[in-house]
Amino acid sequence: MRFTVNDQPFDEHVGAGESLLVLLRRLGFKGVKNGCDNGDCGACAVLVDGRAITSCNYPAPAADGKRILTVEGLASEGVLHPLQNAFLDTGAVQCGFCTPGMLLSAAALLNSDPHPSEADVRAALRGNLCRCTGYVKPIEAVQLAAARMREVTDD
(Lines give C-alpha, C1' and ligand atoms only; values in the text may rest on other atoms or scores of the structure.)
Protein backbone atom coordinates (compact mmCIF):
# COMPACT_ATOMS: atom_id res chain seq x y z
CA MET A 1 0.00 0.00 0.00
CA ARG A 2 1.11 3.57 -0.65
CA PHE A 3 0.76 6.47 1.72
CA THR A 4 2.71 9.46 2.98
CA VAL A 5 3.97 10.17 6.46
CA ASN A 6 4.98 13.76 7.08
CA ASP A 7 5.05 14.30 3.30
CA GLN A 8 7.46 11.38 2.81
CA PRO A 9 6.09 8.71 0.42
CA PHE A 10 6.03 5.05 1.48
CA ASP A 11 5.19 1.85 -0.38
CA GLU A 12 4.93 -0.86 2.27
CA HIS A 13 3.45 -4.31 2.66
CA VAL A 14 1.28 -4.47 5.76
CA GLY A 15 -0.44 -7.36 7.41
CA ALA A 16 -4.23 -7.41 7.52
CA GLY A 17 -4.22 -7.27 11.33
CA GLU A 18 -1.51 -4.65 11.67
CA SER A 19 -2.49 -1.37 13.30
CA LEU A 20 -1.32 1.99 12.01
CA LEU A 21 0.49 2.45 15.34
CA VAL A 22 2.60 -0.68 14.78
CA LEU A 23 3.29 0.29 11.17
CA LEU A 24 4.38 3.83 12.08
CA ARG A 25 6.65 2.67 14.89
CA ARG A 26 8.14 -0.03 12.57
CA LEU A 27 8.93 2.78 10.10
CA GLY A 28 10.74 4.71 12.85
CA PHE A 29 8.10 7.21 13.92
CA LYS A 30 8.63 6.69 17.64
CA GLY A 31 6.76 9.85 18.61
CA VAL A 32 3.61 7.76 18.18
CA LYS A 33 3.20 6.25 21.64
CA ASN A 34 1.48 3.02 22.63
CA GLY A 35 -0.41 3.83 25.79
CA CYS A 36 -3.53 1.73 26.26
CA ASP A 37 -3.62 -0.15 22.92
CA ASN A 38 -7.40 0.21 22.67
CA GLY A 39 -8.02 3.85 21.69
CA ASP A 40 -8.84 5.18 25.15
CA CYS A 41 -5.78 7.30 26.03
CA GLY A 42 -4.92 9.19 22.82
CA ALA A 43 -1.15 8.76 23.20
CA CYS A 44 -1.08 7.25 19.71
CA ALA A 45 -3.03 10.07 18.03
CA VAL A 46 -1.95 11.02 14.53
CA LEU A 47 -3.66 12.93 11.75
CA VAL A 48 -4.97 10.96 8.78
CA ASP A 49 -5.95 13.33 5.97
CA GLY A 50 -6.12 16.07 8.60
CA ARG A 51 -8.39 14.22 11.03
CA ALA A 52 -7.13 13.11 14.45
CA ILE A 53 -7.44 9.35 14.95
CA THR A 54 -6.10 6.87 17.47
CA SER A 55 -3.62 4.81 15.48
CA CYS A 56 -3.67 1.83 17.86
CA ASN A 57 -7.13 0.81 16.71
CA TYR A 58 -6.89 2.11 13.13
CA PRO A 59 -6.15 -0.73 10.70
CA ALA A 60 -2.95 -0.01 8.78
CA PRO A 61 -4.48 -1.15 5.45
CA ALA A 62 -7.07 1.63 5.84
CA ALA A 63 -4.25 4.16 5.47
CA ASP A 64 -3.72 3.22 1.82
CA GLY A 65 -3.58 6.44 -0.19
CA LYS A 66 -3.80 8.62 2.92
CA ARG A 67 -1.66 11.48 4.23
CA ILE A 68 -0.47 10.82 7.76
CA LEU A 69 1.01 13.42 10.06
CA THR A 70 2.92 12.42 13.18
CA VAL A 71 4.47 14.68 15.79
CA GLU A 72 7.77 14.38 13.93
CA GLY A 73 6.13 16.22 11.04
CA LEU A 74 4.73 19.15 13.00
CA ALA A 75 7.97 21.13 12.96
CA SER A 76 8.92 22.54 9.60
CA GLU A 77 12.51 22.94 8.45
CA GLY A 78 13.79 22.82 12.03
CA VAL A 79 11.30 25.40 13.29
CA LEU A 80 8.88 24.20 15.94
CA HIS A 81 5.15 24.45 15.25
CA PRO A 82 3.42 27.20 17.28
CA LEU A 83 1.72 24.47 19.32
CA GLN A 84 5.09 22.95 20.24
CA ASN A 85 6.43 26.37 21.28
CA ALA A 86 3.30 27.11 23.30
CA PHE A 87 3.52 23.75 25.09
CA LEU A 88 7.11 24.60 26.04
CA ASP A 89 6.32 28.20 27.00
CA THR A 90 3.42 27.28 29.27
CA GLY A 91 5.07 24.27 30.90
CA ALA A 92 2.48 21.93 29.38
CA VAL A 93 5.08 19.22 28.78
CA GLN A 94 5.41 17.12 31.90
CA CYS A 95 6.74 13.59 31.43
CA GLY A 96 6.03 14.03 27.72
CA PHE A 97 4.39 10.67 27.05
CA CYS A 98 0.98 12.11 26.15
CA THR A 99 2.33 15.28 24.53
CA PRO A 100 2.57 14.01 20.92
CA GLY A 101 -1.06 12.91 20.97
CA MET A 102 -2.19 16.15 22.56
CA LEU A 103 -0.25 18.18 20.00
CA LEU A 104 -1.87 16.36 17.11
CA SER A 105 -5.38 16.55 18.55
CA ALA A 106 -4.80 20.28 19.06
CA ALA A 107 -3.41 20.67 15.54
CA ALA A 108 -6.55 19.09 14.10
CA LEU A 109 -8.64 21.53 16.14
CA LEU A 110 -6.68 24.62 15.08
CA ASN A 111 -6.71 23.52 11.44
CA SER A 112 -10.50 23.50 11.50
CA ASP A 113 -11.11 26.31 14.02
CA PRO A 114 -8.49 29.06 14.49
CA HIS A 115 -10.66 30.68 17.18
CA PRO A 116 -11.47 27.85 19.59
CA SER A 117 -13.11 28.57 22.91
CA GLU A 118 -11.81 26.94 26.06
CA ALA A 119 -14.71 24.49 25.78
CA ASP A 120 -13.66 23.67 22.21
CA VAL A 121 -10.09 22.98 23.37
CA ARG A 122 -11.33 20.81 26.22
CA ALA A 123 -13.52 18.87 23.80
CA ALA A 124 -10.65 18.41 21.33
CA LEU A 125 -8.33 17.09 24.06
CA ARG A 126 -11.02 14.97 25.73
CA GLY A 127 -9.59 11.79 24.20
CA ASN A 128 -6.05 12.49 25.42
CA LEU A 129 -5.30 11.22 28.89
CA CYS A 130 -2.31 12.53 30.83
CA ARG A 131 -0.81 10.13 33.33
CA CYS A 132 0.70 13.15 35.12
CA THR A 133 -2.86 14.52 35.36
CA GLY A 134 -1.83 17.86 33.89
CA TYR A 135 -4.71 19.28 31.89
CA VAL A 136 -4.73 23.00 32.67
CA LYS A 137 -1.39 23.83 31.04
CA PRO A 138 -2.14 22.00 27.77
CA ILE A 139 -5.42 23.92 27.46
CA GLU A 140 -3.54 27.18 28.08
CA ALA A 141 -0.94 26.14 25.51
CA VAL A 142 -3.50 25.48 22.80
CA GLN A 143 -5.15 28.85 23.45
CA LEU A 144 -1.75 30.57 23.35
CA ALA A 145 -0.83 28.84 20.09
CA ALA A 146 -4.18 29.80 18.57
CA ALA A 147 -3.62 33.44 19.53
CA ARG A 148 -0.08 33.43 18.14
CA MET A 149 -1.21 31.79 14.90
CA ARG A 150 -3.97 34.38 14.48
CA GLU A 151 -1.43 37.20 14.99
CA VAL A 152 0.69 35.82 12.16
CA THR A 153 -2.25 35.45 9.78
CA ASP A 154 -3.67 38.89 10.71
CA ASP A 155 -0.38 40.64 9.84
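Leaving aside residues up to four places away in sequence, D89 touches L144 and R148. D89 itself lies in helix α2, and since this is a predicted model, read every contact here as a feature of that prediction. Along the chain, D89 and K137 are 48 residues apart, yet their C-alpha atoms are separated by 9.7 Å.

Those contacts belong to a helix-helix interface. On the α2 side you'll find P82, L83, N85, A86, F87, D89 and T90; they meet a set of residues in α5 that includes K137, P138, E140, A141, V142, L144, A145, R148 and M149. How are the two helices set against each other? α2 and α5 pack at an angle of about 130 degrees, and their axes are 8 Å apart. Angles over 145 degrees would count as roughly antiparallel, and 65 to 115 as roughly perpendicular, so α2 and α5 are oblique to each other. The crossing of α2 and α5 is right-handed.

F87 from that interface also gives us a way over to α3. T99, which lies in helix α3, touches F87 and V93 once residues up to four places away in sequence are set aside. Is T99 buried or exposed? With a relative accessibility of 8%, T99 counts as buried, because the cut-off for buried is under 20%.

Now for the nonpolar core. The largest one has 44 residues, and the members that touch the most other members are L20, L24, V46, I68, L83, F87 and V142. At least two residues of this core come from each of β1 (2-5), α1 (20-26), β3 (45-48), α2 (82-90), α3 (99-112) and α5 (136-154). The largest share, 8 residues, is supplied by α3. As a bit of background, nonpolar side chains in soluble globular proteins tend to be buried together.

I68 is a handy residue to click on if you want to see how the core connects. Not counting residues up to four places away in sequence, I68 touches F3, T4, V5 and N6, then L20 and L24, then V46, L47 and V48, and also A63.

From I68 it's an easy step to the sheet. Here 5 strands form an open sheet with mixed pairing, in the order β2-β1-β5-β3-β4. Which strands sit at the edges? They are β2 and β4 (51-54), each of which pairs on one side only. From one strand to the next, the twist averages 35 degrees. Helix α3 packs on this sheet, where α3 touches β3, β4 and β5, and the direction of α3 makes about 35 degrees with that of β3. At the β4 end, β3 and β4 pair in the antiparallel sense over 4 bridges, with A45 standing opposite T54 in β4.

At the other end of the order, β1 has a partner on either side. β1 and β2 (residues 8-11) run antiparallel and are joined by 4 bridges, while β1 and β5 (residues 67-69) run parallel and are joined by 2 bridges. T4 takes part in both pairings: the bridge partner of T4 in β2 is P9, and in β5 the partner is R67. In general terms, strands of a sheet pair through backbone hydrogen bonds, either parallel or antiparallel.

The side chains of β1 are worth a look too. F3 and V5 point to one face and are buried, whereas R2 and T4 point to the other face and are not. Such alternation between the two faces of the sheet is what a regular strand shows.

Finally, a word on backbone torsions. Most residues other than glycine have a negative phi, so positive values deserve a check. In the hairpin of β1 and β2, which has 2 residues between the strands, N6 takes a positive phi near 55 degrees. D7 lies in the loop between β1 and β2 and has a positive phi of about 70 degrees although D7 is not a glycine. D7 is exposed, with a relative accessible area of 72%. Another case is D37, in the loop between α1 and β3, where phi is near 65 degrees, again positive in a residue other than glycine. What sets D37's exposure class? Its relative accessibility is 47%, so D37 counts as partly exposed.

Definitions and conventions. Residues numbered from 1 in each chain as written. Predicted model: local features only at pLDDT ≥ 70, side-chain atom pairs only at ≥ 80, totals over all residues. Heavy atoms only, no water. Core = buried A, V, L, I, M, F, W, Y, C linked by side-chain atoms within 4.5 Å. Buried < 20%, exposed > 50% of the residue type's maximum accessible area, 1.4 Å probe, protein only. Contact = heavy atoms within 4.5 Å. Pairing = 2+ DSSP bridges. Axes fitted to C-alpha atoms, helices over the stretch in contact; angles between N-to-C directions. Parallel < 35°, antiparallel > 145°, perpendicular 65-115°, else oblique. Left-handed = near helix turned anticlockwise from the far one by under 90°.
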